[in-house]
Amino acid sequence: MTKFYTTTAIDYVNGAPHIGHAYEKILTDVIYRHFTQRCEDAYFLTGTDEHGIKIQKTAAEKGISPKEFCDMNAQKFKDAWKALDIDYSQFIRTTDEQHEKIVQKIFKKLVEKGDIYKHSYTGLYCSGCEAFLSEKDLTEDGLCPDHQKKPEVVEEENYFFKLTKYKDAIIKHIKTNPDFIVPSFRANEVINQLEDIEDISVSRVKTNVNWGIPVLDDPEQVIYVWIDALSNYITAIGYDPDGNSDKFEKLWPADVQVIGKDILKFHSIYWIAILMALELPLPKHILAHGWITIDQTKMSKSLGNVISPTAVLEAFNLDIPDPLRYYMASAAPCGKDGNYSDEDFKEKVNAHLANSMGNLLNRTLSMLVKYFDGDIKPEFLNKNELEKQALETVKAVKHHFDYFEVQEAAQKIIELVDITNKYVTDNAPWTLAKEEKMDKCGEVLTNVLQVMTVISSLIYPYCPNIASRMAEQLGYDLDIKLDDINCRYLKAGHLINKDDIKPVFLRMDSELADKKK
Ligand code: MSP
């Protein structure tokens, strides 16, 4: 594998980032960081979706220009991702000049090709979805199922994209590539949606929506959100109908595009049709993640249960985002819904990160200092009884990531931690020391520390700060690629002094953690 290109949905900037947005960015960051450990050129794109009627209206209510409003809120997303250590390679805003220019060219190209045509239309428009809905999309009471709002009847002359032209090709693609939509159980939903699709409106009259990219040769029309938003995945990396950048040639097609299940239709139908019309290769996978609830309740402004990820970090006085990253990344099996609760968060990260993993390293290093002055003697570096298990875990983790099973991979890592803890209990190095079986005692401790180097690499995508604290105490280089991993990177010689042994993560309710408040 030489390159890996991953993207997230770009968030609407009408509000501040919440834990649902954070879930997706964390999930993608974990996937991205895992693949940085497997290939030379991994690239991660995220950003914000800034045009449309909602932004236009909210900015007007606040008495500021839409651009000022977007600038303010886009910054909130950037700040949140920084606090969560989201290591994106690029942050695109759909108001970026370069993006706007290329979107105009894309539109023009599709008009010239005959895939976009002008047509007078009456439709049901949901401003929440920023999309026209058909009667059968609505609930029995005629409401948008996602926004519980009655769509407006809109009559306009718009540009339309010939989605129907690509229907059969999309169905064929989905059927012949069963791993294209992840998880595969969602593929049938998409096929059903495709059965009765119609051409879609891709512009709005400027008098109705003016906060958008004007159509190049028809400035009374504004390019309507989805064609603008979806194109970000290629404009960001240098797609240009007049000649692509080298970066685009290297990175496209995307290896995985991560989105929420609510926008799967736009990505597996609209986006794919646009790419087919542009004669571009299709992304290899579209990962539709599930929805995050709060205490098993859907997050909503009216319920007042919208949680900000940075508020969680502050409430628990966390100096690193790793616990929240770990918790969110393992919140749900691939594609299924997950839940956030304060109690569960605290319990799970205390159990896994502090008690099992952190403590294992801490007590093993402490014993190494107590019995061997912190030295790894060359004779301790014999065959490691745990290596087979460790390498099997690496293989299993890679396999799970090949299918974007981020929670499942985390479980494998914690299983290895548990196996290693059991190995310590079973071999009781403190008893070996008491019985003066020092070689065996040294070997057991060394075996554990060697496995800890592997664990630090595996946990790195979830917990980059904890992993680097672990690696530092183990004298281990986290840059080692997963394909090269084994238990032989722990060097003979002096490893650590008593004062340099630090807990890599303190229990969230511990006295020490409290003192830091
Ligand atoms: N702007 C569009 C996406 C355009 S992509 C070309 C959009 N924005 S959004 O802000 O509403 O959502 C951004 C992402 O966050 C989506 O993938 C959406 O599924 C995800 N989530 C929003 N709320 C969520 C939860 N409660 N739980 C999990 N993900 C959620 O849609």
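Helices, of at least four residues, and strands, of at least two, are DSSP runs numbered from the N terminus. The structure described here is a predicted model. With these elements named, Pro 253 can be placed in the loop between H9 and E13.

## Cis peptide bonds

Pro 253 is joined to the residue before it, Trp 252, by a cis peptide bond, with omega near 10°. Another cis peptide bond runs from Val 182 to Pro 183, where omega is about -5°. Pro 183 belongs to the loop between strand E8 (181-182) and helix H6 (187-195).

## The ligand and its surroundings

The shell around the ligand holds 24 residues, of which Ile 10, Glu 24, Asp 49, Asp 262 and Ile 292 come nearest. By character, the residues of this shell comprise 12 nonpolar, 8 polar and 4 charged.

Backbone atoms of the protein take part in polar contacts with the ligand. A polar backbone atom of Ile 10 lies 2.8 Å from a nitrogen atom of the ligand, and a polar backbone atom of Gly 260 lies 2.9 Å from an oxygen atom of the ligand. Ile 292 also contributes a backbone N or O atom, which is 2.8 Å from a nitrogen atom of the ligand. The ligand taken alone exposes 660 Å², and the protein buries 94% of that area. Two or more residues of the shell come from each of these elements: strand E2 (11-12), helix H1 (19-36), helix H7 (225-230), helix H8 (232-235) and strand E13 (256-260).

## Asp 11 and Ser 231

Strand E2 contains Asp 11. Its relative accessibility is 5%, and Asp 11 therefore counts as buried, the cut-off being under 20%. The side chain of Asp 11 makes a polar contact of 2.9 Å with the side chain of Lys 25. Beyond its neighbours within four places in sequence, Asp 11 is in contact with His 21, Lys 25, Gly 47, Thr 48, Asp 49, Phe 77 and Trp 81.

Ser 231 occupies the loop between H7 and H8. With a relative accessible area of 1%, Ser 231 is buried. When residues up to four places away in sequence are not counted, Ser 231 touches His 99, Val 103, Ile 106 and Trp 271.

## Aromatic pairs

The whole structure contains 28 aromatic pairs. One of them joins Trp 252 and Trp 271; the ring centres are 6.1 Å apart and the planes meet at 75°, so the pair is edge-to-face. Trp 252 lies in the loop between helix H9 (246-251) and E13, whereas Trp 271 lies in helix H10 (residues 264-277), so the pair ties together parts that are 19 residues apart in sequence. Trp 252 and Trp 271 are both buried.

How are the rings of Tyr 327 and Phe 345 arranged? Their centres are 5.2 Å apart and their planes are at 50°, so this pair is tilted. Tyr 327 is in helix H12 (residues 322-329) and Phe 345 is in helix H13, so the pair ties together parts that are 18 residues apart in sequence. Tyr 327 and Phe 345 are each buried. Elsewhere, ring pairs link Tyr 5, Tyr 43, Tyr 233, Tyr 239, Phe 248, Trp 252 and Trp 271 into a cluster.

## Phe 372 and the loop that follows

Phe 372 lies in helix H13 (residues 342-372). Its relative accessible area is 6%, so Phe 372 is buried. Leaving aside neighbours within four places in sequence, the residues in contact with Phe 372 are Met 367, Lys 377, Phe 380, Met 438, Cys 441, Gly 442 and Leu 445. Phe 372 and Met 438 are 66 residues apart along the chain, while their C-alpha atoms are separated by 8.9 Å.

Asp 373 is in the loop between H13 and strand E17 (375-376). Although Asp 373 is a residue other than glycine, its phi is positive, near 55°. A relative accessibility of 59% means that Asp 373 counts as exposed, the cut-off being over 50%.

## Asp 85

Asp 85 is not a glycine, yet its phi is positive at about 55°. This residue lies in the loop between helix H3 (66-83) and strand E4 (90-93). Is Asp 85 buried, partly exposed or exposed? Asp 85 has a relative accessibility of 27% and so counts as partly exposed.

Note on methods: Residues numbered from 1 in each chain as written. Predicted model: local features only at pLDDT ≥ 70, side-chain atom pairs only at ≥ 80, totals over all residues. Heavy atoms only, no water. Near = heavy atom within 4 Å. Polar contact = N/O pair within 3.5 Å; in protein donor to acceptor, adjacent residues only side chain to side chain. Areas by Shrake-Rupley, 256 points an atom, 1.4 Å probe, with all protein chains shown as cover. Nonpolar A, V, L, I, M, F, W, Y, C, P; charged D, E, K, R; others polar. Buried < 20%, exposed > 50% of the residue type's maximum accessible area, 1.4 Å probe, protein only. Contact = heavy atoms within 4.5 Å. Phe/Tyr/Trp six-rings, centres within 6.5 Å; stacked < 30°, edge-to-face > 60°.
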